[in-house]
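I opened a new structure today and kept notes as I went. My plan was to look up rings, empty spaces and strands.

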Amino acid sequence: MRNSLLNQLSRGRQSPYRPSRRSLYIVIAAGGLTALAIAGTSLGWGRPASPARVVPQRHGALFAVHPLPCGSGDPGAVGAVLRAPAGSSLAAQGIGFPVAVLAQAAGTTLYVAPRGAALPPSHPSSTQLGNVTVPSIHPAYRTCNYALQDNKQDQGFKAAAEQAFTAAGLATGAQLSGQGVLWMVADDPTSTSDELVAVDIETPMTSSSPGTIRTLVAAVDPSNASVLGVTAADW
Amino acid sequence: MKRFLRAPRCQLMLTRAGAISSLAALLLILQSAPLQAVAATCSTDGNHWYAQARSGCCDVGTLQNTAVPTKWSVDHSANSTTDEGTWIIDNNNGNVAIESGYYSGYFPYDGSWTNGLHPYYTINNGGSGQHSGTYLTAGSQYGIDAVSGGRADIGSTRFNLNYSVPNGFNFGMGEVVSSTRTWMGGGSGESLQAYWSPNGSSWYLWGFNNDCNNSPYWIHQSSGSNWSNGGY
């Protein structure tokens, strides 16, 4: 079978349709110029600053929408995490924003930090801060389902996190299975060795309140769905 | 010209031009990649310009509290439309959806025209729709919801619908159709606070929000549940 394939490939090289070298040069040049044109278009070259554009009517599609698929678009940040060498003083590094310890792993401490937190310019390189975005960009963990119902691996993370939240006294089982509960799985921007499982326990909007959100976070080892640590987050 | 193109010198120049332009294009694409990561472009058929915010699924309702714009413009000669929509849409079938909101300009389902802001709804991803003759007040606060089962509320205007959306995901957007001479909100735009509902009566803040836009329309996210959009 392999020989037969090689023969076919060999015959292919002798094809009368093989392009001449001159044609090849022209194709390379045309390809390059086309790529340049595409790049230019993507950067907005050749367009006026304020284009007035009128597209002929297509009535059937006038209001049809082309929504973002799950996991695409700019996810924005739901919060942040900070990783620093275990035992190091954050205050000595000039870190003034509030943090809470999430987990200890491999000689480092992982903290939850507020959305929008920023490190001082002089921070040591061993201290890392990153935004937490939802959903996970990892295909195996990505879901937009508030109950994580469409992803078996995420369901395992959720079950382990539920146990850890209740064992730590952060929430009761009833609170975690209430109506206004929203589960999320996100990547840890400071490490690939854990995933973050967050749950928003919400109160509904009333005439006097826009509603509230209390967020709990668990760091989970995805290789065995074991929980590395939990905390409440100011996200 | 033809003879020149056949000349070895020309072929060499073309090859060099191709290699240099390929390299330049690659560098430009690589350089622009981080920009695309922070300002995703919405999918479009070229007939729509969007600012879209999407959260998660699978529930039964979406609500947005918003102050309607004080500035907008609609191009009558192009029969164009601008609208702000709240959607509950099937996560597995984008053609099953309820859209609720307000618009100005051309209303494609009856061919009418308004320079004001009217409440409207659509079903089947814009397959059919109706509007009310009520005029919304510029700058005033309105709650706009779309609920599977179903109903569409725009302030005190209610459309009752016998229409269900399974696997509903929560979605909101500002939209301009057919002409960029039509615009919404301008530079200050409109702010929206978005909710999801497991039952159509209790409303909870979105926990996260994925955005995209088509220039010249913009979107800014200030939290998982708060965003603003607009554009000229």
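The entries below record what I looked up, topic by topic.

**Entry 1: the model**

I note at the start that this is a predicted model.

**Entry 2: aromatic rings**

How many aromatic pairs does a search of the whole structure find? I get 13 over all chains. I then took one pair, Tyr141(A) and Phe157(A). Their ring centres are 5.4 Å apart and their planes stand at 55°, so I list the pair as tilted. A pair counts as edge-to-face over 60 degrees and as stacked under 30 degrees.

Where do Tyr141(A) and Phe157(A) lie? Tyr141(A) is in the loop between β4 (128-132) and α3 (152-167) of chain A, and Phe157(A) is in helix α3 of chain A, so the pair ties together parts 16 residues apart in sequence. Are Tyr141(A) and Phe157(A) buried or exposed? I find Tyr141(A) buried, and Phe157(A) is buried too.

Next I looked for a group of rings. Tyr146(A), Trp196(B), Tyr204(B) and Phe208(B) make up one aromatic cluster. I will meet some of these names again.

I also looked up a charge over a ring. Arg54(B) has its charged end over the ring of Phe169(B), 3.6 Å from the centre of that ring.

**Entry 3: the second largest pocket**

I turned to empty space. Rolling a probe the size of a water molecule over the atoms shows where such space is left.

The second largest pocket holds about 210 Å³. Its lining has 17 residues. Which of them lie nearest its centre? I wrote down Tyr146(A), Ala147(A), Gln149(A), Gln179(A) and Val181(A). Tyr146(A) is also in the aromatic cluster noted above.

The elements giving two or more residues to this lining are α3 and β5 (181-187) of chain A, together with β1 (48-59) of chain B. β1(B) has the largest share, with three residues. By class, I list nine nonpolar, five polar and three charged residues in the lining of this pocket.

**Entry 4: the cavities**

How many cavities of 30 Å³ or more are there? The count is two.

The largest cavity has about 60 Å³ of space. Among its lining residues are Pro69(B), Trp72(B), Tyr102(B), Leu117(B), Met184(B) and Glu190(B). The elements that supply two or more residues to this lining are β4 (81-90), β5 (97-107) and β12 (183-197) of chain B. I sorted the lining of the largest cavity into six nonpolar, three polar and three charged residues.

The second largest cavity has about 40 Å³. Its lining includes Val78(A), Val132(A), Met184(A), Ala198(A) and Trp235(A). β5 and β6 (195-203) of chain A each give at least two residues to it. β5(A) has the largest share, three residues. What classes does the lining of the second largest cavity have? I find nine nonpolar residues, no polar ones and no charged ones.

**Entry 5: strand β12 of chain B**

β12(B) came up in the lining of the largest cavity, and I followed it further. How many of its 15 residues are buried? The number is 11, and I call the strand mostly covered.

I then listed its partners. β2 (residues 61-67) of chain B pairs with β12(B) over six bridges, in the antiparallel sense. Gln64(B) has Ala194(B) as its bridge partner there. β3 (residues 72-73) of chain B is joined to β12(B) by two bridges, again antiparallel. Ser73(B) is opposite Trp183(B).

β13 (residues 204-205) of chain B is antiparallel to β12(B), with two bridges. Trp196(B) and Tyr204(B) are bridge partners here, and both belong to the aromatic cluster. The hairpin of β12(B) and β13(B) has six residues between its strands, and Gly200(B) takes a positive phi near 85°.

**Entry 6: strands β6, β7 and β8 of chain A**

β6(A) helps line the second largest cavity. How many bridges join it to β7 (residues 212-221) of chain A? I get nine, and the strands run antiparallel. Ala198(A), from the lining of that cavity, has Val217(A) as its bridge partner in β7(A).

β7(A) is also joined to β8 (residues 226-233) of chain A, by seven antiparallel bridges. Ala219(A) stands opposite Gly229(A). β7(A) and β8(A) form a hairpin with four residues between them. In the turn, Ala225(A) has a positive phi of about 60°.

Methods. Residues numbered from 1 in each chain as written. Chains lettered and ligands numbered in written order. Predicted model: local features only at pLDDT ≥ 70, side-chain atom pairs only at ≥ 80, totals over all residues. Heavy atoms only, no water. Phe/Tyr/Trp six-rings, centres within 6.5 Å; stacked < 30°, edge-to-face > 60°. Buried < 20%, exposed > 50% of the residue type's maximum accessible area, 1.4 Å probe, protein only. Lys NZ or Arg CZ within 6 Å of the ring centre and 35° of its normal. 1 Å grid on protein atoms, 1.4 Å probe; cavity = no way out; pocket = protein on both sides within 12 Å on 5 of 7 lines; lining within 4 Å. Points joined across faces, edges and corners; volume = space filled by probe spheres on them. Nonpolar A, V, L, I, M, F, W, Y, C, P; charged D, E, K, R; others polar. Pairing = 2+ DSSP bridges.
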